[in-house]
Amino acid sequence: MFHSKIIGIGHFVPEKVVTNHDLEKLMDTSDEWIQERTGIKERRFYDPPEKGSTAIMAYKASLIALERAKLKAKDIDAIVFATLSPDYYFPGSGVLLQHMLEMDTKPAIDIRAQCSGFIYALSVADQFIKTGMYKRILVIGSETQNLALDLTTRGRGMGVLFGDGGGAAILEATDEEGKGILSTHLHSQGEFADVLCIREPGSNKIGKSVYENMHLNHDNIHPQMDGQLVFKNAIKRMPEVTMEALAANNLTTEDIDMFLPHQANLRISQMVQKFLRLPDEKVYNNIQKYGNTTAATLPILLSDLWEQGRIKEGQLFALAAFGSGFTWASTLIRF
Ligand code: ACO
């Protein structure tokens, strides 16, 4: 059986920096509130005049990942693309990226698991590589979220949290034992779907067109969240699923060289870190500069560390995520 090794990582974030002070001009909020409750100082927004989309950010991130892996797009066998903010209602963004990369008729698979999307995507790609069906897979997490946000006081509970960006990782088959993705652990609990969602456009209606009434209902077209319920579940599920991964591999928290928690709130990351008893130098957060970039968060964290030269051969990385669905997931990666 093959194992999946990450041989290249890249990320792209839009140029436009939106600070908490910029948001103060749009809504009744404060830099102090946002930093104290979430840790976020600024985020990036794809600005409409700056032509862009989820697939374009993925494309830019992919070019960097390909260059770092010393590969061309033609060397890739498949794309697995995670996003909650696709360019179209359908098809998914995967085929748009496939076309941009001129990948002939190679397959593109779309994943909808929100903040856990990147780990779900890694897991899907890993299964294809393990069985020998594909040798190299481009795994994406990319999000254009600012267009769905209500950046007025009414939407401030969600509006201050999210940012845009894209990340890409290239997985390659290896027969080296104990290297690459050691395991992935996926969970979901759909009873909480309404706790964190955007309802429109959707097919959840009787006898109405998909778009009928959608502009009349403010709450349905912007993201809605029971923040405290999500918070409570996140701080429980992320440590739990990390421990599940460690147990499955006969490892302990002491074996972890670097822990990357999904970046939804710095306080969540700190509580998860405390539960896992990890020292500061073994946890990396960048929510301060990007906000929550949902499926793009984990590949952006990885790419950030790659650029800083902080991913070393032999190191054990643990990744964990929690988000809308609810979905949650973890993976252990030996570089
Ligand atoms: N600026 C100023 N005040 C605000 C803001 C804001 N941006 N947003 C809310 N408030 C106010 C509220 O109106 C409320 O006022 P009130 O007491 O007068 O009613 C007060 O601040 C407290 O609001 P809470 O919602 O109770 O604040 P809380 O401390 O819970 O923090 C937060 C909110 C940051 C959203 C937190 O609940 C959280 O991080 N939740 C989890 C987020 C998460 O993990 N998401 C998952 C991933 S997202 C995905 O999957 C797509």
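In the predicted model, Q273 is buried, with a relative accessibility of 9%, a value that falls under the 20% limit for burial. The residue belongs to helix α9, which covers residues 266-276. Leaving aside residues up to four places away in sequence, the contacts of Q273 are with L278, P279, D280 and V283. R277 is found in the loop that leads from α9 to α10 (287-290). In contrast to the buried Q273, R277 is exposed, at 75% relative accessibility. The backbone of R277 has a phi near 55°, a positive value in a residue other than glycine.

A second non-glycine residue with positive phi is E102, for which the angle is about 50°. E102 lies in the loop between α4 and β5 (108-111). With a relative accessible area of 68%, E102 is exposed. A positive phi also occurs at a glycine, G309, where the angle is about 70°. G309 comes just after helix α11.

Helix α11 itself spans residues 297-307, and nine of its eleven residues are buried; the helix is therefore largely enclosed by the rest of the structure. The buried residues of α11 are T297, L298, P299, I300, L301, L302, S303, D304 and L305.

Strand β7 (residues 165-174) is likewise largely enclosed by the rest of the structure, because eight of its ten residues are buried. Two strands that pair with β7 are β1 and β6. Strand β1 (residues 3-12) is antiparallel to β7, and nine bridges connect the two. Within this pairing, H11 is placed opposite G167 of β7. Strand β6 (residues 136-143) also runs antiparallel to β7, to which it is joined by eight bridges. Here L138 stands opposite I170 of β7. Strands of a sheet are held in pairs by backbone hydrogen bonds, in either a parallel or an antiparallel arrangement.

Four further strands form an open sheet in the order β8-β13-β12-β11, and the pairing within this sheet is mixed. The edges are occupied by β8 (180-188) and β11 (258-261); each has a single partner strand, so one side of each lacks a neighbour in the sheet. From one strand to the next, the twist averages 10°. The pairing of β8 with β13 (residues 327-334) is antiparallel and extends over eight bridges. In this pair, H185 faces S330 of β13.

Two helices are associated with the four-stranded sheet. Helix α5 (residues 117-131) packs on the sheet through contacts with β8, β12 (316-323) and β13, and its direction makes an angle of about 125° with that of β8. Helix α8 (residues 227-248) lies across β8, β11, β12 and β13 and runs at about 145° to β12.

The loop between β12 and β13 contains F326. The peptide bond from G325 to F326 is cis, with omega near -15°. Another cis peptide bond is that from E200 to P201, where omega is near -5°. P201 is located in the loop between β9 (196-197) and α7 (218-221).

A helix-helix contact is formed by α3 (residues 54-69) and α4 (residues 93-100), whose axes come within 9 Å and cross at roughly 50°. Helix α3 is therefore oblique to α4. The crossing of α3 past α4 is right-handed. On the α3 side, the residues that take part are T54, A55, I56, A58, Y59 and S62, which meet S93, L96, L97 and M100 of α4. By residue class, this contact comprises seven nonpolar and three polar residues, with no charged residue. An α-helix has 3.6 residues a turn, so residues three or four places apart point the same way.

Notes. Residues are numbered from 1 along each chain as its sequence is written. This is a predicted model: local features need pLDDT of at least 70, side-chain atom pairs count only at pLDDT 80 or more; totals for chains, interfaces and linings use all residues. Side-chain values use heavy atoms; hydrogens and water are left out. Two strands pair if DSSP finds at least two bridges between them. Axes are lines fitted to C-alpha atoms, for helices over the stretch in contact, and angles run from 0 to 180 degrees between N-to-C directions. Contact means heavy atoms within 4.5 Å. Buried means under 20% relative accessible area, exposed over 50%, partly exposed in between (1.4 Å probe, protein chains only). Angles under 35 degrees count as roughly parallel, over 145 as roughly antiparallel, 65 to 115 as roughly perpendicular and the rest as oblique. A crossing is left-handed if the near helix is turned anticlockwise from the far one by less than a right angle, and right-handed if clockwise. Ala, Val, Leu, Ile, Met, Phe, Trp, Tyr, Cys and Pro count as nonpolar, Asp, Glu, Lys and Arg as charged, and the others, Gly among them, as polar.
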